[in-house]
Amino acid sequence: MTQQAAPVAIPLQYSGNVLERRQRAAAEFMAWADHHAHDVLRQEALQVQMESPVLDSDQRSALAQQQVYARRRSHQRQVHDSAISQLRHR
């Protein structure tokens, strides 16, 4: 008696609907953008911590955190606006 290997069913979620594919791609892009923004934030915060002098550390730390937060929000707005404009022009 010979055994035959059972075929493995790989779930393919391919949709012929262009709108569904674009929505899925947009969701994947937004997830990537969020992850990328988080990585950039961590890198910037680390850079600020390494560059800030030891003297007046509390005041410099608060200022550095505000600057990092402002840059992060600016980047998030830019990525969001870019994603929205790409979705609108398709």
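## Two helices, two salt bridges and a positive patch

Leu87 sits in helix 2, which covers residues 57-88. The model described here is predicted. Leu87 is partly exposed, with a relative accessible area of 44%. Its C-alpha lies 7.5 Å from the C-alpha of Ala26, although Leu87 and Ala26 are 61 residues apart in sequence.

**Overall picture**

The chain holds 2 helices and 0 strands. Helix 1 takes in residues 18-51. The chain has 90 residues, and 11% of them count as buried. About 8,100 Å² of the chain is exposed. Carbon and sulfur atoms supply 54% of that area.

**Salt bridges**

How many salt bridges does the chain have? The count comes to 2. They are set out below.

| Salt bridge | N to O distance |
|---|---|
| Asp39 and Arg42 | 3.7 Å |
| Glu44 and Arg71 | 3.6 Å |

Take Asp39 and Arg42. Both residues belong to helix 1. They are 3 residues apart, about one turn of the helix. Asp39 is partly exposed at 24% relative accessible area. Arg42 counts as exposed, because its relative accessibility is 53% and the cut-off is over 50%.

Now the other pair. Glu44 forms a salt bridge with Arg71. Which parts of the chain does this pair tie together? Glu44 lies in helix 1 and Arg71 in helix 2, so the bridge links parts that are 27 residues apart in sequence. Glu44 is partly exposed, with a relative accessible area of 23%. For Arg71 the value is 39%, which also counts as partly exposed.

**Positive patch**

Which residues gather in a patch of positive charge on the surface? They are Arg21, Arg22, Arg24 and Arg90. Arg22 is part of helix 1. Its relative accessible area is 38%, so Arg22 is partly exposed. That value passes the patch cut-off of over 30% relative accessible area.

**Putting it together**

Two contacts relate sequence-distant parts of the chain. Leu87 and Ala26 are 7.5 Å apart, C-alpha to C-alpha. Glu44 and Arg71 meet through N and O atoms 3.6 Å apart. The bridge of Asp39 with Arg42, by contrast, stays within helix 1.

Terms used: Residues are numbered from 1 along each chain as its sequence is written. This is a predicted model: local features need pLDDT of at least 70, side-chain atom pairs count only at pLDDT 80 or more; totals for chains, interfaces and linings use all residues. Side-chain values use heavy atoms; hydrogens and water are left out. Patches are made of residues with over 30% relative accessible area and no salt bridge: like charges are joined within 9 Å, nonpolar side chains (Val, Leu, Ile, Met, Phe, Trp, Tyr) within 5 Å. Accessible areas come from the Shrake-Rupley method with a 1.4 Å probe; for residues, only the protein chains shown count as cover. A salt bridge is a side-chain nitrogen of Lys or Arg within 4 Å of a carboxyl oxygen of Asp or Glu. Lys and Arg count as positive and Asp and Glu as negative; His and the chain ends are not counted. The place of a charge is taken as NZ of Lys, CZ of Arg, CG of Asp or CD of Glu. Helices (H or I, at least four residues) and strands (E, at least two) are DSSP runs, numbered from the N terminus. Buried means under 20% relative accessible area, exposed over 50%, partly exposed in between (1.4 Å probe, protein chains only).
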